[in-house]
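Visitor: I'd like a close look at just one small part of this model, please. Pick a spot and walk me outward from there, slowly.

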Amino acid sequence: MIDKINLLKSEINGLSAANEAEVEALRVKYLSKKGEISLLFNDFRTVPADQKKAIGQALNDLKNFATERINSLRDALASVDSGLDGIDLTRTPAPIKLGSRHPLSIVREEIISIFRRLGFNIAEGPEIEDDWHVFESLNFAADHPARDMQDTFFIQRSPDVLLRTHTSSVQTRVMENSRPPIRIICPGRVYRNEAISARAHCFFHQVEALYIDKNVSFADLRQTLLYFAREMFGPDTKIRLRPSYFPFTEPSAEMDISCDLCGGKGCSFCKGTGWVEILGCGMVDPNVLEACGIDSKVYSGFALGMGIERITNLKYRVKDLRMFSENDVRFLEEFIDA
């Protein structure tokens with residue numbers, strides 16, 4: 001019996017395998033229930049009693065040796081250099097293209113970053129709003145054209161529930177629930193019932209800013225606008241404020257920046273004027289402050305708002321607004337390095 005064990009051990013010691021299938025065949029031959037080592041264990045019952053201890057120990061050593069030898073053959077195959085070291089074999093064979101951030105997201109984050117450096121915090125609100133927050137609290141008259149069905153999407157034919165037409169509704173919610181000083185920026189998507197074309201869409205994105213405190217003046221507004229324009233479009237950018245009208249600000253203005261294509265000399269992009277309009281602004285109307293529970297005799301403030309699509313057009317010269325929402329991969333790939 002000892003001779004058989006030694007002979008089998010010598011045989012196992014000289015085993016080799018070229019692939020996993022051969023290793024598995026060796027395991028079955030020597031270690032399975034009907035394998036050669038198992039047959040020796042079956043013959044163990046015929047061993048004389050005085051030899052059982054020594055032969056039993058030799059059989060156990062043989063089984064452990066065979067197991068280790070076969071496992072070493074399997075490990076050796078796994079570590080063979082096949083020229084694929086460092087390659088992830090689970091990856092698709094087709095090249096994986098890097099994705100890109102959407103141009104509107106790029107510009108939105110840049111705008112937010114600029115205002116954050118001025119101490120503004122982000123405020124957000126619901127896209128489905130009520131008439132009071134969107135219109136009435138912002139000093140819109142009951143017969144104001146913006147309340148017309150041609151401009152606003154109303155929900156379930158209700159005159160009081162609608163998709164917000166501007167993010168100014170976020171400002172009223174903050175003014176209702178906060179005490180001055182208030183310094184917020186409100187980015188978000190808004191909706192208006194307009195025909196979709198290269199220059200207009202039924203939904204778009206806005207960023208509005210609001211600052212309320214004691215002794216806030218139009219000079220503070222102008223310096224904020226100048227800082228923003230130069231951070232966004234370059235240090236040589238000039239701004240121009242033109243009188244305008246908004247129900248929620250008084251006085252109100254629209255801001256132009258000097259055309260960065262022609263340097264203010266006049267070109268087709270700026271229609272020969274040297275200026276490009278980018279946003280509306282003004283001092284918060286006292287009626288708005290009072291409607292939101294803020295004493296207009298103690299506090300004043302300014303507000304401004306811009307379309308993110310408009311700013312993106314100026315930075316990247318995108319002529320068709322529809323491209324922002326069509327998810328054309330060819331268009332989005334242009335912004336991989338942006």
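Guide: Let's start at Arg-317, which sits in the loop between helix 10 and helix 11. Helices here are DSSP runs of H or I with at least four residues, strands are runs of E with at least two, and both are numbered from the N terminus. Keep in mind that this is a predicted model: local features need pLDDT of at least 70, side-chain atom pairs count only at pLDDT 80 or more, and totals for chains, interfaces and linings use all residues. Residue numbers start from 1 along each chain as its sequence is written, and side-chain values use heavy atoms, with hydrogens and water left out.

Arg-317 isn't a glycine, yet its phi is positive, near 55°. With a relative accessibility of 28%, Arg-317 counts as partly exposed (buried is under 20% relative accessible area, exposed is over 50%, and partly exposed is in between, using a 1.4 Å probe and protein chains only).

Now step back into helix 10, the element that Arg-317 follows. Helix 10 covers residues 308-316, and its buried residues are Ile-308, Glu-309, Ile-311, Thr-312, Asn-313 and Leu-314. What covers them includes helix 5 (103-116) and helix 8 (218-233), plus strands 5, 7, 8 and 9.

Ile-311 also leads us further in, as one of the contacts of Met-306 (contact means heavy atoms within 4.5 Å). Skipping neighbours within four places in sequence, Met-306 also touches Ile-111, Phe-115, Phe-228 and Ile-278, among others. Those four and Met-306 itself are among the residues that touch the most other members of the largest nonpolar core, which has 44 residues. A nonpolar core is a set of buried Ala, Val, Leu, Ile, Met, Phe, Trp, Tyr and Cys residues joined through side-chain atoms within 4.5 Å. Helix 10 and helix 11 (329-332) are among the elements that each supply at least two residues of this core. Nonpolar side chains tend to be buried together in soluble globular proteins.

Finally, the strands: seven of them form an open sheet with mixed pairing, in the order 1-4-5-9-8-7-6. Strand 1 (121-122) and strand 6 (239-246) are its edges, each pairing on one side only (two strands pair if DSSP finds at least two bridges between them). Strand 6 runs antiparallel to strand 7, joined by seven bridges, and Ile-239 stands opposite Ile-257 of strand 7. Ile-257 is another of the core residues with the most contacts to other members.
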